[in-house]
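Visitor: I am new to this structure and would like to go through it slowly. Could you show it to me, and explain what stands behind each term as we go?

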Protein chains: 2
Amino acid sequence: MSIALRIQELFYNVMPITRAMGVVVESYDGARLVLTAPLAANINHLGTAFGGSINTLAVLSGYGLLWIELQDAECHLVIRESAISYERPVRGELRAVCVRPEAEALTAFREKFQEKGKARIALDATIESEGRVAARFRGTFVAMR
Amino acid sequence: MSIALRIQELFYNVMPITRAMGVVVESYDGARLVLTAPLAANINHLGTAFGGSINTLAVLSGYGLLWIELQDAECHLVIRESAISYERPVRGELRAVCVRPEAEALTAFREKFQEKGKARIALDATIESEGRVAARFRGTFVAMR
């Protein structure tokens, strides 16, 4: 089973709202994890994507990326804080792209987790629509033993 | 029909994900709009409330409050940006409380909307669980003609 499909099954098994949203883990190429969700299940009062769903898809892209990075570690992963700016409406499929952090930041995160049993890392994700950035998300995630 | 029930029907009619989340508009007393959602539909991998759902419930509390405030106005309402900090896990029902802004801020918002056809306002919401604050949200919303 591909890693993308494994993450999607994990979402569906442990976070039921991801089924209702129609979240699909589209791809992971080692540098970017891409999630999509259909507009219809996530539509708002203006016929565009609901901001709550846009943020949720970005959060999920962060969890997914860290689950891939930490798959051998015995840890709990939580989100501590996040910020998002909505720059343009999403008129079709929602698409969240979480970028793998620089190798240095990941190494520092892993080392601190090994040493202290707790470490945090900031992740950036964008929401894209029709090939353009529609929203920018930054979240801080914490791994705990 | 109570204003709380009218807002809940609006959510269900225009944002289908609110049904899947089990969002309930519990009360509006003129100062605070209170929304709830059951844990089961919004659970995460740790058996607590998923951060995405916590943020979404806060966004909805902001929309709801502004819909109540602007119910006579012909306007589109969107969220422009937001930030949230997650302070403790939510182990039961999710409960979002959006506080009505100071009268001065609301008056300035209404006047600018009347004059320019566009105005923004910041709203604060908390997510509570078992009587304690579990997350703090601030969002900037924009009304446009």
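Guide: Let us begin with a term: two strands are said to pair if DSSP finds at least two bridges between them. Please keep in mind that this is a predicted model.

Visitor: What makes strand 3 of chain A and strand 3 of chain B a pair?

Guide: Five bridges join strand 3 of chain A, residues 76–86, to strand 3 of chain B, and since at least two bridges are asked for, the two strands count as paired. They run antiparallel, and A:E81 stands opposite B:S85 in strand 3 of chain B.

Visitor: How do you know how the two copies are related?

Guide: A rotation of 180° with 0.0 Å of shift along its axis superposes chain B on chain A, with an RMSD of 0.0 Å. The two copies are thus related as by a two-fold rotation axis. Of the residues of chain B, B:A83 comes closest to that axis, with its C-alpha at 2.1 Å.

Visitor: Why can one say that the copies meet through the same surface?

Guide: Because 100% of the interface residues of chain B are also interface residues in chain A, the copies meet through the same surface. In this interface, 29 residues of chain B are in contact with 29 residues of chain A. Helix 2, helix 3 and strand 3 of chain B each give two or more residues to the side that touches chain A, and strand 3 gives the most, with nine residues. By class, that side of chain B has 16 nonpolar, eleven polar and two charged residues.

Technical notes
Residues numbered from 1 in each chain as written. Chains lettered and ligands numbered in written order. Predicted model: local features only at pLDDT ≥ 70, side-chain atom pairs only at ≥ 80, totals over all residues. Least-squares fit on C-alpha atoms with pLDDT ≥ 70 in both. Contact = placed C-beta atoms within 7 Å. Helix = DSSP H or I, 4+ residues; strand = E, 2+ residues; numbered from the N terminus. Nonpolar A, V, L, I, M, F, W, Y, C, P; charged D, E, K, R; others polar.
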